[in-house]
Amino acid sequence: MSTNCDIRHITAQRPATKGIFHTISVFYAVWRQRRALSRLDKSALNDIGLTQREADQEACKPVWDVPQHWLR
């Protein structure tokens, strides 16, 4: 008979990295987000607290330039 405790124990043993497909999906999501950021107008950028220069700098970063915890 399984309990929730057994399931949590099994889940905790999985490796931190999820493989190449996870990495590719993260890179694709980052690319899409930065592309969308580059298309925002000044009003939308003001709503999220960014200047045009900050948005341009973020949008120009390569997809692999992300916090390390995003790739786990």
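**Figure 1. Isoleucine 20 and the nonpolar surface patch to which it belongs.** In this predicted model, isoleucine 20 counts as exposed, because its relative accessibility is 54% and the cut-off for that class is over 50%. Isoleucine 20 is found in helix α2, and together with Phe21 and Ile24 it forms a nonpolar patch on the surface. The accessible area of Ile20, Phe21 and Ile24 together is about 370 Å².

**Figure 2. The aromatic pair formed by tyrosine 28 and tryptophan 31.** The count of aromatic pairs comes to 1. This pair, made by tyrosine 28 and tryptophan 31, is stacked, with 5.8 Å from centre to centre and 25° between the planes; the angle qualifies as stacked because planes under 30 degrees apart are given that name. Both residues belong to helix α2 (residues 20-38), and because they are 3 residues apart there, about one helical turn separates tyrosine 28 from tryptophan 31. Tyrosine 28 is partly exposed, with a relative accessible area of 48%, and tryptophan 31 is also partly exposed, with a value of 40%.

**Figure 3. Arginine 34 and its contacts.** Arginine 34 lies in helix α2, and with a relative accessible area of 8% arginine 34 is buried, since this class takes in residues under 20%. When neighbours within four places in sequence are left aside, arginine 34 is in contact with Glu58, Ala59, Lys61, Pro62, Val63, Asp65 and Val66.

**Figure 4. The start of the chain, where pLDDT is under 50 over residues 1-7 and over residues 9-13.** For residues 1-7 the model has 1 contact beyond four places in sequence, while for residues 9-13 it has 0 such contacts. Among the elements of the protein chain, helix α1 (residues 4-12) has the lowest mean pLDDT, 48, whereas helix α3 (residues 42-47) has the highest, 96. Over the protein chain pLDDT averages 82, and 76% of the residues score at least 70.

**Figure 5. The protein chain as a setting for the close-up views, with its 4 helices and 0 strands.** Read along the sequence, the pattern of elements is α-α-α-α. Of the 72 residues in the protein chain, 14% are buried. Among contacts with a separation of 6 or more, 66% are between residues 24 or more positions apart. The accessible surface of the protein chain comes to about 6200 Å², and 58% of that surface belongs to carbon and sulfur atoms.

Terms used: Residues are numbered from 1 along each chain as its sequence is written. This is a predicted model: local features need pLDDT of at least 70, side-chain atom pairs count only at pLDDT 80 or more; totals for chains, interfaces and linings use all residues. Side-chain values use heavy atoms; hydrogens and water are left out. pLDDT is the predictor's confidence in each residue, from 0 to 100. Helices (H or I, at least four residues) and strands (E, at least two) are DSSP runs, numbered from the N terminus. Contact means heavy atoms within 4.5 Å. Rings of Phe, Tyr and Trp (its six-membered ring) pair if their centres lie within 6.5 Å; planes under 30 degrees apart count as stacked, over 60 as edge-to-face and the rest as tilted. Buried means under 20% relative accessible area, exposed over 50%, partly exposed in between (1.4 Å probe, protein chains only). Patches are made of residues with over 30% relative accessible area and no salt bridge: like charges are joined within 9 Å, nonpolar side chains (Val, Leu, Ile, Met, Phe, Trp, Tyr) within 5 Å. Accessible areas come from the Shrake-Rupley method with a 1.4 Å probe; for residues, only the protein chains shown count as cover. A salt bridge is a side-chain nitrogen of Lys or Arg within 4 Å of a carboxyl oxygen of Asp or Glu.
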